[in-house]
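Thanks for making time this morning. I would like to take a few minutes on the empty spaces in a model that some of you have already opened, so please bring it up on your screens.

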Amino acid sequence: MLPAIEDVSFALHPGDILGVVGESGSGKTVTVSSLVGLLPDNARIDGGRVLYRGQDLLTLSDEELEGVRGKEIAMVFQDPMTSLNPVMRVGRQIAEALRIHGYSRSDARERAIELLDLVDIPNPRQRYRQFPHELSGGMRQRVVIAVAIANQPSVLIADEPTTALDVTIQAQVLEVLAAGCGAAGASMILVTHDLGVIAEVADRVAVMYGGRIVETGTVETIFHRPRHPYTIGLFTSLPRLDTELEHLQPIPGVPPTLAARPTGCAFHTRCALSGGRQPCRDQVPELTSLGGGQSGACHYLAETG
């Protein structure tokens with residue numbers, strides 16, 4: 001058994017938008033999928049707790065968890081074409097999410113049309129009867145958001161919701177997500193590799209690498225004073241408008257695989273700060289407070305201050 005994520009811990013407060021960021025393979029999707037029991041068959045949770053309003057979701061049966069998913073905690077997935085049934089009209093798919101949780105057929109239909117209007121899909125009554133292939137990519141993602149917020153959940157998990165969209169549509173979908181959270185009074189966990197999306201939407205940030213959280217803090221703190229070498233590397237690899245650069249500065253190497261994760265700090269093989277020092281190679285750094293709500297997991301954070 002290979003550990004995909006370890007020692008991941010965070011709190012989500014009412015109305016909070018938490019951004020979870022990191023390269024592909026850092027453990028972001030596995031983390032949020034485990035919260036609502038959506039892990040693949042070859043994965044299992046060996047320990048820990050997922051507390052929601054004082055109740056550990058990991059102790060619930062599949063039937064009890066079905067009452068939480070969609071109603072209390074909902075999820076927006078990355079690819080709307082794999083989230084939507086291609087042979088079912090989009091309105092019926094929204095209505096189905098409502099019927100499961102007690103709406104009558106007629107009430108579900110009217111609520112579905114209201115939701116299509118809420119997520120800024122024009123001509124909602126006409127769109128209600130259309131199939132997913134008749135909608136653009138941006139509209140399909142809005143339908144997925146409508147399904148997610150249909151029952152006014154308290155927590156919305158959005159896993160890379162704008163990856164396949166162009167920049168203009170991306171901005172519109174982010175606005176819809178924020179509006180949907182506001183309308184439902186929901187908190188949100190936003191998973192993305194796009195730091196620009198985090199800056200625009202999130203209140204707090206958790207940076208993941210190698211299956212662990214390596215830095216957390218407010219958006220302002222992380223963006224203006226990142227402390228972990230990996231977080232600093234993410235920012236220095238971005239294009240800048242205020243400086244002329246001949247070349248971008250990528251983080252050297254590639255993220256580790258589950259089967260070949262380094263001992264000690266998972267980032268030390270790519271880290272310029274480590275320099276091969278013994279603690280980095282032998283000891284996993286703990287997430288420690290840096291003050292001001294910021295925390296980092298690095299043996300040499302004092303050198304980045």
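What follows is a walk through the pockets, one helix and a cavity.

Please keep in mind throughout that this is a predicted model, and that every value I quote is computed from it.

Let me begin with the largest pocket, which has a volume of about 1300 Å³. Its lining is made up of 44 residues, and those closest to the centre of the pocket are T31, S34, L35, R49 and V50. If we ask which elements supply at least two residues each to that lining, the list is α1, spanning 28-35, together with the strands β2 at 51-52, β5 at 155-159 and β6 at 187-192. Of the elements, α1 gives the most, with five residues. In terms of chemistry, the lining of this largest pocket divides into 27 nonpolar, 11 polar and six charged residues.

The second largest pocket has a volume of about 670 Å³. Here 23 residues form the lining, and the ones that lie nearest the centre are G70, M75, A97, I100 and V147. At least two lining residues come from each of α2 (62-68), β4 (73-76), α4 (90-99) and α7 (137-149). The classes in this second lining are 13 nonpolar, seven polar and three charged.

I would like to stay with α7 for a moment, since it supplies part of that second lining. This helix has 13 residues and reaches 19 Å from its first C-alpha to its last, which is close to the 18 Å expected at 1.5 Å a residue. How many of the 13 residues of α7 are buried? The count is 11, and so the helix is largely enclosed by the rest of the structure. The buried residues run from G138 through M139, R140, Q141, R142, V143, V144, I145 and A146, and they also include A148 and I149.

Finally, let me turn from the pockets to enclosed space. The structure holds one cavity of 30 Å³ or more, and the volume of the largest cavity is about 70 Å³. Which residues line the largest cavity? They are H228, C265, F267, H268, C271, S274, C280, A297, C298, H299 and Y300. By class, that lining has seven nonpolar and four polar residues, and no charged ones.

That is where I will stop, and I am happy to go back to any of these views.

Methods:
Residues are numbered from 1 along each chain as its sequence is written. This is a predicted model: local features need pLDDT of at least 70, side-chain atom pairs count only at pLDDT 80 or more; totals for chains, interfaces and linings use all residues. Side-chain values use heavy atoms; hydrogens and water are left out. On a 1 Å grid over the protein atoms alone, a cavity is a set of points where a 1.4 Å probe fits but cannot get out, and a pocket is an open set with protein on both sides within 12 Å along at least five of seven lines; lining residues have an atom within 4 Å of a point. Grid points are joined across faces, edges and corners, and a volume is the space filled by probe spheres set on the points. Helices (H or I, at least four residues) and strands (E, at least two) are DSSP runs, numbered from the N terminus. Ala, Val, Leu, Ile, Met, Phe, Trp, Tyr, Cys and Pro count as nonpolar, Asp, Glu, Lys and Arg as charged, and the others, Gly among them, as polar. The expected span of a helix is 1.5 Å times one less than its number of residues. Buried means under 20% relative accessible area, exposed over 50%, partly exposed in between (1.4 Å probe, protein chains only).
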